[in-house]
Amino acid sequence: MTTRKTGGDGTPVAGLLLAAGEGTRLGNPKALVELAGERLVDRGVRILCEGGCVPVYVVTGAARVEVDGTTAVHNPQWRSGMGSSLRIGLDAMPTEVDAVVIALVDQPLVTAAAVNRLLEAYAEGSRAVVATYGGNLRNPVLLGREHWPSVHALAEGDVGARPFLRAYSHLVTPVDCDDVASPDDIDTVEDLERMRKLLDPGQGGGDATGGPD
């Protein structure tokens, strides 16, 4: 397991997994979908934990799920999109948390190594960090507490931290994760089948820790 990173004063970095969606095109709430013998919500939590995040919070919505060792936060407004889940998740953070790594439940090729790279940048003093793939800002994202009010104000509809990252790009540290992860997401049955071939040994695939962008 990766060593947990903290700020200079020992304050923890939390993990926040957004897992509230209904999965309309997929036909099931994404949190409950199984991939390589593991629910996507469990996989997302495991990646955050192995990457060094403590504590870990999960925002639920269409499906109320529990994951051992985490705190579940239900978003009653989950139908409004990702923005409300991000706001509720940030509001739920305990006061001792100095920063949070935000990840999405439907991106199973994001890895603990990618999370840890963000935490390394944080440990070196960066207060807003984002994983990049092919030079594009994607997920996960790390945000220091002082940025949460701005993120909260800009997260509307089905967008999360993206408006903040664009508006405050001069504050953001990009971290290249092309060699350790991929932001590919699962929106459709076809996406899920492709992921299964990559990640499920029973389908003839390997451990695609650095899958295609």
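Two strands count as paired when DSSP finds at least two bridges between them, and strand 7 and strand 8 have five, running antiparallel. The views below are close-ups of a predicted model.

**View 1. Strand 7 and its two neighbours.**
Here strand 7 (128–133) sits between two partners with opposite habits: strand 8 joins it through five antiparallel bridges, while strand 9 joins it through four parallel ones. On the strand 8 side, look for Thr132 opposite Leu137. On the strand 9 side, Val130 faces Pro174. The hairpin linking strand 7 and strand 8 leaves two residues between the strands, and Gly134 takes a positive phi near 60° there. How many of the six residues of strand 7 are buried? Six of six, as it turns out. In a regular strand, side chains alternate between the two faces of the sheet. Here both faces are covered, with Ala128, Val130 and Thr132 buried on one side and Val129, Ala131 and Tyr133 buried on the other.

**View 2. The whole sheet, edge to edge.**
Pull back a little and the open sheet of seven strands comes into view, in the order 5-4-1-6-8-7-9 with mixed pairing. Strand 5 (71–74) and strand 9 (173–176) are the edges, each pairing on one side only. Ignoring direction, neighbouring strands are turned by 25° against each other on average. Elsewhere in the sheet, strand 1 (residues 13–19) and strand 4 (residues 56–60) run parallel and share five bridges. One pairing to pick out is Leu16 with Tyr57 of strand 4. For the overall tally, the chain has six helices and nine strands.

**View 3. Helix 2 and helix 3 against the strands.**
Helix 2 (residues 82–91) lies across strand 1, strand 4, strand 5 and strand 6 (99–104), running at about 150° to strand 1. Helix 3 (residues 112–123) packs on the sheet too, touching strand 1, strand 6, strand 7, strand 8 (136–144) and strand 9, and its direction makes about 50° with that of strand 8. Helix 2 is mostly covered, with seven of its 10 residues buried. Those are Gly83, Ser84, Ser85, Leu86, Arg87, Gly89 and Leu90. Strand 1, strand 4, strand 6 and helix 4 (148–154) are among the elements covering them.

**View 4. Two nonpolar cores.**
In soluble globular proteins, nonpolar side chains tend to be buried together. The largest core in this model has 42 residues, and Leu17, Val41, Leu48, Val101 and Leu142 touch the most other members. At least two residues each come from strand 1, helix 1 (40–51), strand 4, strand 6, helix 3, strand 7 and helix 6 (189–199). Which element gives the largest share? That's helix 3, with six residues. Another core, of 26 residues, lies apart from this one and includes Leu18, Ala20, Tyr57 and Leu90. Zoom in on Leu17 and, beyond its neighbours within four places in sequence, you'll find contacts with Val41, Gly44, Val45, Leu48, Tyr57, Val58, Val59, Ala103, Leu104 and Val105.

**View 5. A pair of rings.**
The structure holds one aromatic pair. The rings of Phe164 and Tyr168 have centres 4.9 Å apart and planes at 25°, so they count as stacked, the cut-off for stacking being under 30 degrees. Is each ring's residue buried or partly exposed? Phe164 is buried, at 0% relative accessibility, whereas Tyr168 is partly exposed at 29%.

**View 6. Two loop residues, Gln107 and Leu32.**
Gln107 belongs to the loop between strand 6 and helix 3 and is buried, with a relative accessible area of 6%. Leaving out residues up to four places away in sequence, Gln107 touches Arg138, Asn139, Pro183, Asp184 and Asp185. Leu32, in the loop between strand 1 and strand 2 (34–35), is partly exposed at 39%. Its contacts beyond four places in sequence are Arg39, Ala63 and Val65.

**View 7. Where to be careful.**
Mean pLDDT for the chain is 90, and 89% of residues reach 70 or more. Over residues 204–213, though, pLDDT is below 50, and this stretch has 29 contacts in the model beyond near neighbours in sequence. Where pLDDT is low, the predicted coordinates should not be read in detail.

Conventions:
Residues are numbered from 1 along each chain as its sequence is written. This is a predicted model: local features need pLDDT of at least 70, side-chain atom pairs count only at pLDDT 80 or more; totals for chains, interfaces and linings use all residues. Side-chain values use heavy atoms; hydrogens and water are left out. Axes are lines fitted to C-alpha atoms, for helices over the stretch in contact, and angles run from 0 to 180 degrees between N-to-C directions. Contact means heavy atoms within 4.5 Å. Rings of Phe, Tyr and Trp (its six-membered ring) pair if their centres lie within 6.5 Å; planes under 30 degrees apart count as stacked, over 60 as edge-to-face and the rest as tilted. Buried means under 20% relative accessible area, exposed over 50%, partly exposed in between (1.4 Å probe, protein chains only). pLDDT is the predictor's confidence in each residue, from 0 to 100. A nonpolar core is a set of buried Ala, Val, Leu, Ile, Met, Phe, Trp, Tyr and Cys residues joined through side-chain atoms within 4.5 Å.
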